[in-house]
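Welcome! Let us walk through this structure together, one region at a time.

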Amino acid sequence: MNATSNMVLALSLIAPLFSSLTEAEYGDACRNPAWRDVRGAAEPLARDAVERALALPAWQVRSTLQNDVLLPGMPLAALPVESLYKPWSAAPGNAFGAQRGLYLGDSAQHIQAVCAALELDVPERYAAMPDHLSLLLDLLALFVESGNAQAAADLAADHFDWLGDYDVALARKAADAARADALDPVRRAALEEGIAHLRALVALTDALVRSVVSDEERGAFALSS
């Protein structure tokens, strides 16, 4: 595989793991032989981080993570949606401009406009969050695959700078789960493992995105065959 194919493959395989999957979908993801290529391609970024991210947990752990962390409205919810981690709007005079934790902020509006220009439909399940990390990664993979390095680098620079804040939010949720006396030990252990894995995926995503930004100037992407 060449560098572009490796990057597209890595982004495409990681993207759905930030959303809720059925047991069958997760099983298919775990059994996908392409993970071997991702592991080999991404190891130069950070071997330990790659191994942690690509060691997908059992379905029991994954389903607990989805139900408690990736589902809106739950006490331990921490959704990977860009608008939630940035000021809502930079528009002058906007009453909600400085507020955080709101959906459909400036970042979401921009992604909607980009998708409209490309004649791409935002899936219905993401109508209130077009800047969900899964969609951002799919869009980044599309730009990389099409050879539009400038668009890929711009998207990477403009729409992934909140990943550190998301990791902090996940760390807080892990601490909250550890202190929750109402959680039975099995569920608490599953949450601990699931959140740790999600944080590893965030770290790997950040490394991949940074490679897109830094290597645009060279006309190549960091992952090599």
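A good place to begin is helix 2, which spans residues 23-31 and in which Y26, G27 and A29 are buried. These three cover an arc of only 160° around the axis, so they sit on the same side of helix 2. Turn to the face pointing away from that buried side, and you will find the exposed residues A24 and R31.

Before going further, please keep in mind that this is a predicted model. How confident is the predictor across the chain? The average pLDDT is 87, and 86% of the residues score at least 70. Among the elements of the chain, helix 5 has the highest mean pLDDT, at 98, while helix 3 (residues 35-42) has the lowest, at 70. Over residues 220-225 the pLDDT is below 50, and this stretch has 24 contacts in the model beyond its near neighbours in sequence.

Next, let us look at charged side chains. The structure holds seven salt bridges, and three residues, E82, K86 and D161, are linked in a network of them. Start with K86 and E82: their salt bridge brings the closest N and O atoms to 2.6 Å apart, and both of these residues are buried. K86 also forms a salt bridge with D161, where the closest N and O atoms are 2.7 Å apart. What does this second pair tie together? D161 lies in the loop between helix 8 (149-159) and helix 9 (163-179), whereas K86 lies in the loop between helix 5 (59-68) and helix 6 (106-117), so the pair joins parts that are 75 residues apart in sequence.

Are the two partners of this bridge buried or exposed? D161 is exposed, with a relative accessible area of 52%. K86 has a relative accessibility of 17% and therefore counts as buried, since the cut-off for buried is under 20%.

Another salt bridge can be found within a single helix. In helix 10 (residues 185-215), D206 and R210 lie four residues apart, about one turn of the helix. Their side chains meet in a salt bridge of 2.8 Å, N to O. Why can residues with this spacing face each other's way? An α-helix has 3.6 residues a turn, so residues three or four places apart point the same way. As for their surroundings, D206 is partly exposed, with a relative accessible area of 22%, while R210 is exposed, at 57%.

Now move to helix 1 (residues 3-14), where you will find S5. This residue is partly exposed, with a relative accessible area of 34%. Which distance separates the C-alpha atoms of S5 and V144? They are 8.6 Å apart, although the two residues are separated by 139 residues along the chain.

Our last stop is on the surface. There, L118, L120 and L142 make a nonpolar patch of about 220 Å². One of these residues, L120, lies in the loop between helix 6 and helix 7 (133-146). With a relative accessible area of 35%, L120 is partly exposed.

Methods: Residues numbered from 1 in each chain as written. Predicted model: local features only at pLDDT ≥ 70, side-chain atom pairs only at ≥ 80, totals over all residues. Heavy atoms only, no water. Buried < 20%, exposed > 50% of the residue type's maximum accessible area, 1.4 Å probe, protein only. Helix = DSSP H or I, 4+ residues; strand = E, 2+ residues; numbered from the N terminus. Arc of directions from axis to C-beta. Salt bridge = Lys/Arg side-chain N within 4 Å of Asp/Glu carboxyl O. pLDDT = per-residue confidence, 0-100. Contact = heavy atoms within 4.5 Å. Patch = residues over 30% accessible without salt bridge, like charges linked within 9 Å, V, L, I, M, F, W, Y side chains within 5 Å. Areas by Shrake-Rupley, 256 points an atom, 1.4 Å probe, with all protein chains shown as cover.
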